[in-house]
Amino acid sequence: CLQAAHSRQRESGGAVVVIGPSTALVGAALLVPLVTLAEAQRTLVKSAARQWGGLGMRLNWIGIAPALYDPALAGTAVPQVPELGPPPPALKRRPEPQAEVADAIAWLGGAGASAVTGATINLDGGDWMVP
């Protein structure tokens, strides 16, 4: 997918936003294959952003709550962080995919984010707060 984007954007620049589960940032014992894949995806996005930035290409990664990423993950045990306690997340809700996540993607693809690349943006309502 990134190679296809490179083929289309290498002459005129552009933006790519990849979405994955936010648990990639912390891991989860019962989700090792998914978390490993998602973290590799996130690292690939960062590497491509650095390599292709000179072409005017911007690539970013958005982490969303696992249940939004795939409804089958809604009942999966994800790690708890003592200072956060059990769910709900800090905002006491999950972002709406068709509104808030879509708005973030539109922003990352637009001129307002023209200096943002290689970023990891968490849109999970505050489940995981990354430094």
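## Exercises on a predicted chain

The side chains of arginine 42 and glutamate 39 form a salt bridge, with 2.8 Å from N to O. The model is predicted, and the exercises below work outward from this pair.

**Exercise 1. State how far apart arginine 42 and glutamate 39 are along helix α2, and express this in helical turns.**

Solution.
- Step 1. Both residues belong to helix α2, where they are three residues apart.
- Step 2. An α-helix has 3.6 residues a turn, so residues three or four places apart point the same way.
- Step 3. The separation of arginine 42 and glutamate 39 is therefore about one helical turn.

**Exercise 2. Classify arginine 42 and glutamate 39 as buried, partly exposed or exposed.**

Solution.
- Step 1. The class "buried" applies under 20% relative accessible area, and "exposed" applies over 50%.
- Step 2. Arginine 42 has a relative accessible area of 12%, so it is buried.
- Step 3. Glutamate 39 has a relative accessibility of 23% and therefore counts as partly exposed.

**Exercise 3. Check the span of helix α2 against the value expected from its number of residues.**

Solution.
- Step 1. Helix α2 covers residues 32–52, which is 21 residues.
- Step 2. The expected span is 1.5 Å times one less than the number of residues, which gives 30 Å for α2.
- Step 3. The end C-alpha atoms of α2 are 30 Å apart, in agreement with the expected span.

**Exercise 4. Determine how the buried residues of α2 are arranged about its axis, and list what covers them.**

Solution.
- Step 1. The buried residues are Val35, Ala38, Arg42, Val45, Ala48, Ala49 and Trp52.
- Step 2. Viewed down the axis of α2, these buried residues fall within an arc of 155°, so they line one face of the helix.
- Step 3. On the other side of α2, the exposed residues are Pro33, Thr36, Leu37, Arg50 and Gln51.
- Step 4. The cover over the buried residues of α2 includes α1 (2–9), β1 (14–21), β2 (57–64) and β3 (120–123).

**Exercise 5. Decide whether β2 is enclosed or open, using the burial of its residues.**

Solution.
- Step 1. Eight of the eight residues of β2 are buried, so the strand is largely enclosed by the rest of the structure.
- Step 2. One side of β2 carries Met57, Leu59, Trp61 and Gly63, the other carries Arg58, Asn60, Ile62 and Ile64, and both faces are covered.
- Step 3. Strand β2 is also part of the cover over the buried residues of α4, which includes β1, β2 and β3. In α4 those buried residues are Val101, Ala104 and Leu108.

**Exercise 6. Describe the pairing of β2 with β1 and with β3, and give the handedness of the crossover from β1 to β2.**

Solution.
- Step 1. Strands β1 and β2 pair in the parallel sense over eight bridges.
- Step 2. Glycine 14 stands opposite methionine 57 in β2, and alanine 15 has arginine 58 of β2 as its bridge partner.
- Step 3. Between β1 and β2 the chain passes through α2, and this β-α-β crossover is right-handed.
- Step 4. Strands β2 and β3 also pair in the parallel sense, over four bridges. Here tryptophan 61 stands opposite threonine 120 in β3.

**Exercise 7. Count the salt bridges and describe the one between glutamate 11 and arginine 10.**

Solution.
- Step 1. The count comes to two salt bridges.
- Step 2. The side chains of glutamate 11 and arginine 10 meet at 4.0 Å, N to O.
- Step 3. Glutamate 11 is exposed, at a relative accessible area of 71%, while arginine 10 counts as partly exposed at 38%.

**Exercise 8. Locate glycine 110 and give its separation from glycine 14.**

Solution.
- Step 1. Glycine 110 lies in the loop between α4 (97–109) and β3.
- Step 2. Its relative accessibility is 22%, so glycine 110 counts as partly exposed.
- Step 3. Glycine 110 and glycine 14 are 96 residues apart along the chain, and their C-alpha atoms are separated by 9.1 Å.

**Exercise 9. Summarise the whole chain by its elements, their order and its contacts.**

Solution.
- Step 1. The protein chain has four helices and three strands, in the order α-β-α-β-α-α-β.
- Step 2. Of its 131 residues, 35% are buried.
- Step 3. Among contacts between residues at least 6 apart in sequence, 75% join residues at least 24 apart.

Methods
Residues numbered from 1 in each chain as written. Predicted model: local features only at pLDDT ≥ 70, side-chain atom pairs only at ≥ 80, totals over all residues. Heavy atoms only, no water. Helix = DSSP H or I, 4+ residues; strand = E, 2+ residues; numbered from the N terminus. Buried < 20%, exposed > 50% of the residue type's maximum accessible area, 1.4 Å probe, protein only. Arc of directions from axis to C-beta. Contact = heavy atoms within 4.5 Å. Pairing = 2+ DSSP bridges. Right-handed = clockwise from strand over helix to strand, strands pointing away.
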